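User: Please take a close look at one helix-helix contact in this model. I would also like to know which salt bridges tie into that region.

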Amino acid sequence: MKPFLHSIAENLIHQNGYDLQKIAVFFPNRTGIHFFVKALSVCAADKPLWAPVCMTPGIQMEKASGLVIGNKIRLAAELHHVYRSVLQREPEPFERFFPWADLLINDFDDIDKYLADARMLYANLAGLKEINEQFAFLTEEQIQLIKRFWRSYEEPKITEPKERFLRIWEKLYEVYHGFTQVLSEKGFGYEGFLHRKAVENPKTLFAGMETVEKVLVVGFNRLNACEKSFFNQLRKSFPVEFYYDEHPGAAKDLMHEGGQFFRETTSFFPSLKPEPKEFTAPEIEIISVTGSTSAVKITAHEIHKTLTELNNREEDVLVMLPDEKQLIPLLYSLPESVQTLNITSGLGLAETPMISLVKSLYALRKTTLQKTKGTYFRISYVLQLLRHPYINFGREEQTRQLTDKLIHERRIRPERAMLATDDFFSLLFELPTEISFHAQLTALLQSILEHIDAEIYPFERIVVQTAVESAQGVAEIIAQEGLPQDDKAAFMLINSVLRSARIPFEGRPVEGMQIMGPLETRNLDFKTVIIPAMADDQFPGTGNPKSYIPFALRRAFGMPLPEDRTAEFSHIFFRLLNRAEKVVLICNTSAGAMSTGEPSRFILRLESDNFYKNHIRRKSVSEKVAFRHSAPIEMMKSEQVLKTLRNYTLSGARPMYPTAINTYLMCSLRFYFRYIASIKESDDLSDVADYAAFGSIFHNIMEWIYEDWVGKEIQPEEVLALADRFDALSEKAFKEHFGYDEKESFDFEGESLIQREVIRKYVMRMLEQDAFYAPFTLAGLEHNGTMKLDFESDGKPFSITLGAKIDRVDLKKGVARIMDYKTGADELKYPSLESLFDTEIPHRNKAAFQTWLYGLIYGEEYPEYKQIQAGVFSVRQLFEDPESFSPLLRVKADPTKRNSPFVNVENLYDEKDEFIQRLKDLFAEMFSEKVPFTQTDDVNRCTTCPYNEICRR
């Protein structure tokens with residue numbers, strides 16, 4: 001069947017020949033004009049043709065108004081002035097007012113497009129008894145709606161929100177009136193204002209159409225009041241033919257919302273042409289998927305399959321996107337078979353990485369530290385910027401080298417001189433005192449734009465170009481309005497403007513595969529239609545407009561409502577099916593925070609419609625979330641691997657520490673990656689103390705607090721007196737961790753201030769527990785110890801050195817107490833000695849194994865101590881009652897009994913022989929040529945493993 005516009009073009013030439021200069025054709029949008037012109041060229045069959053005048057009612061009304069469409073920022077600025085004047089007080093600053101201005105202008109736009117009486121609409125009718133007289137021009141139903149709304153404001157005492165609504169509401173007509181007067185004087189305005197101006201002055205309404213002798217109005221459905229007025233006056237001035245394209249079923253079925261506006265519009269402007277013939281139902285495939293990612297992947301697959309079926313006739317394929325959030329993922333998922341593409345789907349700048357770039361730059365400036373020696377930045381924001389995709393355009397190698405250098409040298413507070421390596425990075429890391437935020441952002445975006453290759457990254461270039469224009473508009477307004485130059489105000493304004501900006505895609509409208517929003521598809525026909533967002537909250541979607549005008553009053557004054565969107569989209573959807581041969585509807589059925597997972601009501605109507613239901617096929621595609629297992633990884637012990645492993649057994653070789661042994665017990669393959677293959681675990685920097693840094697700082701403070709007492713006995717009161725050293729030592733610890741010079745001062749702020757206070761509580765509590773345990777002798781701090789262990793593997797003798805770095809050793813009454821500080825969730829309890837070596841236990845007690853080994857190593861060095869205890873100072877247990885608190889390891893009294901109580905391990909020597917034998921068995925396996933390094937069976941351990949990208953688990 002011929003496309004709708006092709007039929008119109010063919011009929012127009014048949015009736016009027018090839019000279020169509022005196023004919024005007026009106027379309028709902030510009031996209032329809034492009035496709036109609038193409039249809040004319042096809043119908044002309046290479047004969048010379050004088051094209052008709054093609055336009056939209058909006059184009060003609062804007063021309064007739066004598067005004068121009070104003071810039072969104074300029075409109076908001078003018079509204080701000082009027083609002084301030086009407087309220088007779090200083091309103092919110094402009095950067096806070098802008099979102100409110102956007103909402104008000106949208107309301108004003110609806111008022112004007114629907115020719116509503118603004119004075120009546122914004123009247124305060126609370127308590128008004130003469131509603132019938134005031135609104136005599138309305139229907140009885142409209143009057144009842146108004147009464148129902150205002151009746152709630154006749155209560156003796158209304159709520160504070162209602163009072164606040166009334167205070168603003170009663171001023172809004174003055175604001176509207178003053179604003180439209182200013183716009184008339186200045187010669188610009190919003191779209192609805194221009195349209196109303198035009199239709200209220202019929203004498204100039206058809207300026208430029210003096211030579212027109214005939215008019216066609218093609219494919220309209222929903223009309224606002226200005227458009228109705230325009231067409232009404234048009235048919236009084238010209239011979240007008242109206243052409244509609246609606247499925248007969250929707251047009252005749254009064255219960256079909258898709259025909260609502262068709263029936264209404266044709267009652268005002270009937271068509272003299274016959275209704276379209278019966279259509280053939282397309283083959284419809286409904287694909288249910290789980291997850292938005294799956295929807296995009298399936299869409300890409302269906303595009304490739306369709307192009308193969310159509311011999312790559314891309315112009316026959318439409319992808320309609322009701323949900324603009326899918327556009328960017330779809331663009332990056334398109335198959336290589338797509339050679340030419342045209343995008344007319346809308347997209348907000350808020351859906352791109354641009355917003356994160358602006359936020360990171362603002363955060364960097366906000367946290368800049370300027371000192372006499374230089375300017376310093378927070379590393380977290382530096383890395384965010386260096387890793388941002390827009391910063392990396394054309395500078396990938398520079399940003400990578402700079403990032404690697406910062407991480408390698410642990411530059412927690414990098415100085416500007418290190419970062420400002422060329423003009424671009426000098427601008428990126430400019431001193432906030434030297435350039436304003438909006439000026440820096442504008443210059444930065446312009447520089448980024450210059451480095452984007454339009455051939456390789458056309459989409460990204462359009463995004464950055466849009467952001468440049470928005471930032472320039474903000475800069476102009478700040479200068480013209482004398483707005484504050486401070487960073488916060490500029491950031492708030494720029495952030496609001498960028499979030500409201502739309503990306504104007506430019507391309508060749510009639511070439512290639514089309515990606516369109518629903519409104520852009522009006523009047524167009526394609527052989528294959530793919531819609532990847534057929535959940536009900538995506539299409540038709542909720543459509544609740546952000547408005548200050550209550551719905552009851554909107555309905556009473558004939559202004560658009562949420563249900564109007566459903567009716568309009570229903571018409572668009574079912575009209576697209578008229579001439580399609582294949583339709584693919586993809587529905588994400590997974591419910592979440594932003595979606596109910598319910599299929600679109602349009603799908604439900606299709607399935608109940610006798611015309612379509614026998615042409616529907618359903619398919620479900622489930623995406624299982626699981627670890628990817630290609631094949632288990634095993635590393636056999638080659639000669640090179642054995643040589644590296646046996647380096648630990650050489651005389652004078654580096655010791656093997658409990659951390660390495662714990663790693664082997666957790667996953668022998670991870671041990672191989674770290675200690676044999678020497679693959680470094682991923683590293684990064686943070687300018688706040690993360691989990692590991694927090695523990696390191698706590699360890700350092702505890703070491704330095706006691707450093708003068710090594711080898712001495714300390715009394716309870718002397719322990720408590722050590723608390724006075726905390727402030728100085730905490731600053732020293734933070735400076736050392738974050739790479740500060742010893743002479744620099746460390747400014748505790750934000751998270752570092754909170755972390756210091758948490759550490760203070762831990763240290764104070766630690767001292768209180770120690771005071772209760774005192775007197776004791778501090779035998780050592782950060783004690784480095786070693787011991788030799790002889791064992792056999794594969795019948796060969798080996799000797800390995802085991803190492804220990806013991807946080808603290810206390811002596812009391814001839815007992816040596818080996819202590820380790822832990823700031824995590826480490827436990828003192830373990831079921832049995834055997835459990836410390838069991839690789840299959842999900843939560844094997846690594847801390848207990850470590851302190852056990854520390855105790856044996858210390859005992860080997862100091863055999864004079866016949867009783868050695870091992871324990872953990874876990875900060876989570878420090879707040880127990882001192883009388884009941886014990887840091888000693890605890891084991892089940894009878895490991896064979898499930899409910900056996902845990903008792904303190906009073907002396908490691910009691911089970912020393914068993915522990916050593918288990919160690920020997922462990923090393924016999926580790927050094928065996930026959931036992932490969934393998935993955936752990938417990939995949940839960942893989943989630944936090946730094947090598948899980950290698951294993952793919």
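Analyst: What follows covers one helix pair and then the salt bridges around it. The model is predicted.

Start with helix α5 (residues 94-113) and helix α23 (residues 487-500). Their axes come within 8 Å and cross at roughly 20°. The two helices therefore count as roughly parallel, since angles under 35 degrees fall in that class. The crossing of α5 past α23 is left-handed. On the α5 side, the contact uses F94, E95, R96, F98, P99 and D102. On the α23 side, the residues are K488, A489, M492, L493, S496, V497 and S500. Sorted by class, this contact holds seven nonpolar, two polar and four charged residues.

D102 has a second role in the picture. Its side chain meets that of K72 in a salt bridge, 3.7 Å from N to O. K72 lies in helix α4 (residues 72-87) and D102 in α5, so the pair ties together parts that are 30 residues apart in sequence. K72 is partly exposed, at 37% relative accessible area. D102 is also partly exposed, at 21%.

Now follow the chain past α23. R502 sits in the loop between α23 and β12 (513-516). R502 forms a salt bridge with E324, with 2.8 Å between the closest N and O atoms. E324 is in the loop between β8 (317-320) and α15 (327-331), and the partners are 178 residues apart. R502 is partly exposed at 46% relative accessibility, and E324 is partly exposed at 21%.

Elsewhere, R74, E78, K186 and E481 are linked in a salt-bridge network. The whole structure has 49 salt bridges.

Note on methods: Residues are numbered from 1 along each chain as its sequence is written. This is a predicted model: local features need pLDDT of at least 70, side-chain atom pairs count only at pLDDT 80 or more; totals for chains, interfaces and linings use all residues. Side-chain values use heavy atoms; hydrogens and water are left out. Axes are lines fitted to C-alpha atoms, for helices over the stretch in contact, and angles run from 0 to 180 degrees between N-to-C directions. Helices (H or I, at least four residues) and strands (E, at least two) are DSSP runs, numbered from the N terminus. Angles under 35 degrees count as roughly parallel, over 145 as roughly antiparallel, 65 to 115 as roughly perpendicular and the rest as oblique. A crossing is left-handed if the near helix is turned anticlockwise from the far one by less than a right angle, and right-handed if clockwise. Contact means heavy atoms within 4.5 Å. Ala, Val, Leu, Ile, Met, Phe, Trp, Tyr, Cys and Pro count as nonpolar, Asp, Glu, Lys and Arg as charged, and the others, Gly among them, as polar. A salt bridge is a side-chain nitrogen of Lys or Arg within 4 Å of a carboxyl oxygen of Asp or Glu. Buried means under 20% relative accessible area, exposed over 50%, partly exposed in between (1.4 Å probe, protein chains only).
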